Amino acid sequence: MTKYYGAIEAGGTKFVCAIGDEQMNIVKRAKFATRRPAETMPEVIEFFKEYPLEKMAIGSFGPIDVNQNSATYGYVTSTPKEGWANYNFLGELKKNFDIDYVWTTDVNVAAYGELKLGAAKGKESVLYLTVGTGVGGGGVINGKLLQGYGHPEMGHIILRRHPEDYYEGNCPYHRDCLEGLAAGPAVEKRHHGQKAVTIPSDNPDWEIEAYYLAQACLDYTLVLSPEMIVFGGGVMHQEHLFEKMRASFSEQMKDYVKTPALDEYIVHAQLGDDAGLTGCLLLAMDK
Ligand code: ADP
Ligand code: ZN
């Protein structure tokens with residue numbers, strides 16, 4: 001009897017759902033726009049009814065409650081997305097499918113995918129950072145998803161400011177945290193509203209961007225000692241940023257701790273759009 005596993009990559013704009021078998025063949029896949037839970041969840045549930053599932057893994061946008069001792073375990077917590085704040089996401093699935101679940105963040109799942117089948121294949125520890133509309137980060141350390149009382153919010157660390165950066169930052173909570181200074185919208189606002197994709201690679205604003213991302217890598221390195229830091233997200237389509245980040249990392253770290261060679265340490269994601277689903281299926285299968 002073939003065993004089937006469920007995967008949900010729950011994003012702020014779309015839900016990607018898949019059913020896979022033990023060989024990672026995807027037998028069914030669909031996308032649903034993220035509207036209110038009352039509209040989106042019935043579609044998701046209907047999707048999974050066709051096959052009997054062993055287990056399901058969900059990588060969700062957040063913040064979410066991942067604390068198994070909490071009364072609101074499985075909830076999406078403080079999102080501004082209409083209808084999703086304090087929503088019992090996992091509970092709604094459990095009502096319909098009485099199976100085991102893996103419940104974690106979208107970025108933890110992407111980290112897991114990259115570790116098992118992507119840029120960090122063969123390693124035990126990896127961090128995954130996405131730099132897009134926001135900055136999010138997750139990780140796997142010694143084979144385990146990085147979560148505890150809560151889950152990491154690596155995009156909101158506070159940084160030392162670049163001496164030539166006069167942009168005030170745009171995080172609604174912290175103003176000039178990493179996300180407030182380095183996510184796509186911050187890059188564009190710093191550059192007077194110009195689309196990030198059109199800013200030439202030799203513009204000094206990219207040095208500022210690389211400085212912040214490198215500083216984040218430095219902080220993560222000092223706290224977590226991962227074997228690799230993998231970057232994805234729209235802004236990272238600027239391939240030149242990788243060399244700039246490595247140079248800035250080196251300058252800021254001043255050789256204080258040893259890391260792998262930087263071109264094998266600060267690297268681009270390999271799984272692209274598939275990282276989430278791949279990670280979910282692997283987690284559901286516990287592979
Ligand atoms: P999301 O974070 O919403 O999932 P993306 O990862 O595509 O989506 O991030 C969108 C952001 O990335 C936008 O702010 C956009 O300016 C920026 N972006 C997208 N493509 C590029 C590019 N080629 N170069 C630089 N920035 C980009
Ligand atoms: Zn913030």
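This briefing covers a zinc site, a set of paired strands, two nonpolar cores and some backbone details. The structure is a predicted model. Its zinc ion (ligand 2) is held by H156, C171, H174 and C177, and its largest nonpolar core has 38 residues. Strand β11 pairs with β8 and with β12, and β11 also supplies at least two residues of the largest core.

**Zinc site**

- The zinc ion (ligand 2) has as protein donors ND1 of H156, SG of C171, ND1 of H174 and SG of C177, at 2.1 to 2.3 Å.
- The arrangement is tetrahedral because the 4 donor atoms subtend angles of 104 to 119° around the zinc ion (ligand 2), and the range allowed for that label is 85 to 135 degrees.
- The donor residues follow the spacing H-x14-C-x2-H-x2-C along the sequence.
- Two of the donors can be described by accessibility: C177 is buried, with a relative accessible area of 0%, whereas H174 is partly exposed at 34%.
- R175 lies in the loop between β10 (144-145) and α4. The phi of R175 is near 60°, a positive value in a residue other than glycine, and R175 counts as partly exposed because its relative accessibility is 44%.

**Strand β11 and its partners**

- β11 spans residues 229-232; I229 and F231 point to one side, V230 and G232 to the other, and all are buried.
- Pairing of β11 with β8 (residues 126-131) is parallel and runs over 4 bridges. Within this pair, F231 is the bridge partner of L129.
- Pairing of β11 with β12 (residues 266-268) is also parallel, over 3 bridges, with V230 opposite V267.
- Between β11 and β12 the chain passes through helix α7 (residues 240-253), giving a right-handed β-α-β crossover.
- K254 sits in the loop between α7 and β12. K254 is exposed because its relative accessible area is 65%, above the 50% cut-off, and its phi is near 55°, a positive value in a residue other than glycine.

**Nonpolar cores**

- In soluble globular proteins, nonpolar side chains tend to be buried together.
- Within the largest core, of 38 residues, L178, F231 and F249 have the most contacts.
- Elements that each supply at least two residues of this core are β8, β9 (135-141), α4 (178-182), α6 (204-224), β11 and α7. The biggest share comes from α6, with 11 residues.
- Beyond its neighbours within four places in sequence, F231 is in contact with residues including L129 and V131, L213 and C217, F242 and M245, and I266, V267 and H268.
- A second core is separate and has 30 residues, among them V16, V102, A110 and L145.

**The loop between β4 and β5**

- Most residues other than glycine have a negative phi, and most peptide bonds are trans.
- The peptide bond from G62 to P63 is cis, with omega near 0°.
- G62 lies in the loop between β4 (53-60) and β5 (75-76), and P63 is found in that loop too.
- G62 counts as partly exposed because its relative accessibility is 31%.
- The C-alpha atoms of G62 and Y75 are 9.2 Å apart in space, with the two residues 13 apart in sequence.

Conventions: Residues numbered from 1 in each chain as written. Chains lettered and ligands numbered in written order. Predicted model: local features only at pLDDT ≥ 70, side-chain atom pairs only at ≥ 80, totals over all residues. Heavy atoms only, no water. Donors = N, O, S within 2.8 Å, 3.2 Å for Na, K, Ca; no water. Tetrahedral: all angles 85-135°; square planar, octahedral: opposite > 155°, others 65-115°. Buried < 20%, exposed > 50% of the residue type's maximum accessible area, 1.4 Å probe, protein only. Pairing = 2+ DSSP bridges. Right-handed = clockwise from strand over helix to strand, strands pointing away. Core = buried A, V, L, I, M, F, W, Y, C linked by side-chain atoms within 4.5 Å. Contact = heavy atoms within 4.5 Å.
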